[in-house]
Amino acid sequence: MVRKSLLFDKDECIGCFACEVACKQEHNIPTGEYWIRIFKVGPTSVHGKLIMHFAAIRCMHCGIPSCMKVCPVGAISKRSDGIVLFNEELCIGCKACIEACPFGAPQYNSEKDIVQACNLCFERVDKDLVPSCVHHCPTNALYFGDCNILTSKRIGKRAREGLNLESDCLETRIQFNSDKLPEEISINSTSEDKKTHDVQLFQILKDGSELKRRDK
Amino acid sequence: MVVQSKILKKENTDIRVVKTFCDRCHCECGVLVYVQNGKAVKIEGDPDCPINEGSLCPKGLAAIRFVYHSDRIKCPMKRSGQRGKGKWKRISWDEALDTVATRFKEILEKYGPESITWSWGDASAHCHLITKQGWLCAMKAPNHLHSDAHYCFHPVMIANKLTFGEVLTSEGSPDYKNSKCIMLWGGNPIMSHPVAARNIMIGRRNGAKLIVVDPRFTEIAAKADIFLQPRPATDDALALGILNVIINEDLYDKEFVARWCVGFDELRNRVQEYPLERVSEITWISKEKIIQAAKMYATNRPGTTHTRMGTVMNTNAIQTVRAINIIPAICGDLDVKGGHIIPSKPPGFKGRREIMDKDLRQSPEIENKRIGAKEFPLLCSSDSLAHNNSHPPSVIHTMLTGKPYPIRALWACNNLFLALEGAKETKEALMSLDFVVGSDFFMTPTMELCDFILPPCGYLAREEVLEPFCTCNFIGARRKAIEPEFDTRDEREITYEVIKRMGLTFPTDWDSIEKQNDMRVKGMGITFEEFKKKGYIIEPIRYKKYEEKGFNTPSGKVELYSSMMKRFGYDPLPYYQESPETPISAPELAQDYPLILITGGRHIVYFHGANKQIPWLREIVPYPTLQIHPDTAAELGIKDGDWVWIEAPKGRGRVKMKAELTEAVHPKVVHAPSHWWYPEIKGPEHGCWDSNINAILLNDPPYDPICGATPLRGNLCKVYKVREGENG
């Protein structure tokens, strides 16, 4: 089986919210609940230069999902292709998974009294389609496909521009069937400017649930 | 893009997929509409459409929640109480159309054709623009209250036509994907024109340098190689400074200038008046940065220079856009791959502009009666370069004063109070009219003031020809996915019916929707039905077309020194002029009102005043936010998320918004978004005075001398916290 992977490229993300609303439509998600969410980092002045980035936070479909470990009723499972699924029938709404997740990904649905999260549009994926957020992303900041092809494709592009893919753009890569936790996969930096910034991004990844978008 | 080989069509075989085009903004992306039992159930981006290649913005995606929204105006209505009291009664289409036609006819006979006008808005597609223009022609009525005629697309069009004879610096023309340097000026296409933003990002990925000029550090500025943050409303000086560098350092395209431009020596003399020390002092941008940007642009050829609303919402609009236009002109970036393409449509196709500029013109006697024709001939008269518009602020004044003639009736197809500066006066003007008809999707504050409402259907129920704003040489066919929602009708049908019931004859032979659609493509030797089967047609791009016939200007060349402007008594060369209400032009006022206010920045989830009632979108931007620098906010004791008053000088009043502390703006500058109203607040006003920035901006002079633009970006204000329990 081809190992599939989803890549988020913060350099290409323009913060347009298409992924958020595409997800809402695909899964009919009520307001206040987000299976994928755009956070703005900055603008902030780094060595006299303004910098701003976006991070798309969602279930990372971790190699060893900490949510799965704490679920008392076994409602969370991991498919052989790596997709983590929340079973609505089994969930008792105890929110233990929300506490356990380092990304703030699981979302409590008060109407149904259950917790839900990104299922990577598995119904689409099973039909060889890409998830809705990826389909609607205008800049290909969200990329879905064969992990190896994706990586080499991206590296090729970046290499021409003199950038190092591994350190420059893979900060929230989801890798199925990986033994590593996302934290271990993600952050690196090349220059001082980027370092300050990436540390912030990393903080968001870790405390996603606590980061407030304006007026929320 | 991961290639989409299949369309999601679950096991339900009763689902039909209709390929059509979105119209929730002017980008008009290709969409797939999933229809089940006659109802639209899902809207996706069409992967086969070259405009968007499957992507779709939040507005387009949330359109599924717009179509059957419970607050839609569902049937024709007539007011049952006093005007503006919010009491309505359902009536039949026949009764509505008959009464509306009779009332218009009475006013036409009593006050003459000048007394009736209409306002175009987002509820009406471009096809309605030509239908309503036909209505005006049938009445011999000159006035169209196109509420942004003086400061949105039209000034860019006028400045472009004066310089190049074509529209070249707005969305469709710049060839972003192949450009080597993209200079964006006074706009954030990520929020305003998603398709342009997408193309810019593709260009950037292909190696283009990006220069962004904006008083705000926007989403697109975050992607820029160089970000220039000028003092608001000094873009004219900055452009002249950049020209100074390009000309004095010999970085321009000498061959192109010698062969295809007129007035270069005069321009060279003019830019000497703008040495970089002076420009730097005016604009707050360092000399080094101006040089860096000028060199980056001139040495990465071909480049594109995109001008948007930030450059035209001031009293030196046309000269500002002209100054910016001249940058790509002298660099030779016109009609070349990666530069500014002169658009062309498939041969035989009847374009919207051709219809407005040629087919639906009236006699000069009628056109020169248009409000603004005398004051702003290049906008409003029979010599106009942006045909068939009245000067909006003057129309509002005329409604109230009756001078030079009475205007007594309006067909409002937009949310005028939110869209037009001088909102309070606009409301007063509407209330003073004898008759107001409305056509809109929701009960907006403007619709609440109408006598009758004739509700239009949404885009899913329409069939028409479209010319997307951001895609060069593209024409498409919108297909009908559903029958009109509720008891609504295609707005063109409504207009044709009113014309008929008024006893008037449509001025051309395309007097029905079917005939109109056929007329657009007839010259191409096909019917609309055949065009619909194709879906869209792209005319192949040809370069350097000017080598065949020259440019469409009086001299046949690019007019750096404009002969038209000279003829009309304007300065033929661009210059800098300080805006009327800044710390420099009004220092005394600035003592009490120390902050510079810019207004009207967009957000992608809204399109002008639309979409505030769609929860999926509203939760992304639930409140209007005033962008203010953290240092300034700290001095004023304002914390992030506090409600604050924005007060304008000279008794213009105040509105409130939530403070967003951000380094995106200079400490002396604040930014307020426009078009804010609250559909959830009870009518008839729906909170339209709480946060509507247009309520504290004036529609009085001074205007731009050429297009009549008002100063909306770069005025003075003060900001302070809203106290508990305090109301506007």
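A nonpolar surface patch, in the sense used here, is made of residues with over 30% relative accessible area and no salt bridge, whose nonpolar side chains are joined within 5 Å. In this predicted model, Val73(A), Leu90(A) and Ile92(A) make such a patch, with an area of about 240 Å². One of these residues, Leu90(A), sits in the loop that runs between β5 (84–86) and α3 (96–100) of chain A, and because its relative accessibility is 41%, Leu90(A) counts as partly exposed.

From this patch we can turn to the meeting of the two chains, where 46 residues of chain A are in contact with 51 residues of chain B. Between them the chains bury about 4,300 Å², of which 54% is on carbon and sulfur atoms. Polar contacts join 17 residue pairs across chain A and chain B, both residues being at pLDDT 80 or more, and there are five salt bridges between the chains. Among them is the one between Lys24(A) and Glu619(B), whose closest N and O atoms are 2.5 Å apart. On the side of chain A that touches chain B, α1 (18–27), β2 (36–46), β3 (49–58), α4 (122–126) and α5 (132–136) each supply at least two residues, and α1(A) gives the most, with seven residues.

Within chain B, His150(B) offers another place to look, in the loop between α4 (126–139) and α5 (153–163). His150(B) is buried, because its relative accessible area is 0%. Its side chain is joined to that of Glu421(B) by a polar contact of 2.8 Å, and the residues that His150(B) touches also include Pro155(B), Leu379(B), His391(B), Cys707(B) and Thr710(B).

Notes:
Residues numbered from 1 in each chain as written. Chains lettered and ligands numbered in written order. Predicted model: local features only at pLDDT ≥ 70, side-chain atom pairs only at ≥ 80, totals over all residues. Heavy atoms only, no water. Helix = DSSP H or I, 4+ residues; strand = E, 2+ residues; numbered from the N terminus. Buried < 20%, exposed > 50% of the residue type's maximum accessible area, 1.4 Å probe, protein only. Polar contact = N/O pair within 3.5 Å; in protein donor to acceptor, adjacent residues only side chain to side chain. Contact = heavy atoms within 4.5 Å. Patch = residues over 30% accessible without salt bridge, like charges linked within 9 Å, V, L, I, M, F, W, Y side chains within 5 Å. Areas by Shrake-Rupley, 256 points an atom, 1.4 Å probe, with all protein chains shown as cover. Salt bridge = Lys/Arg side-chain N within 4 Å of Asp/Glu carboxyl O. Buried area = accessible area lost by both parts, 1.4 Å probe. Lists of a residue's contacts leave out its neighbours within four places in sequence.
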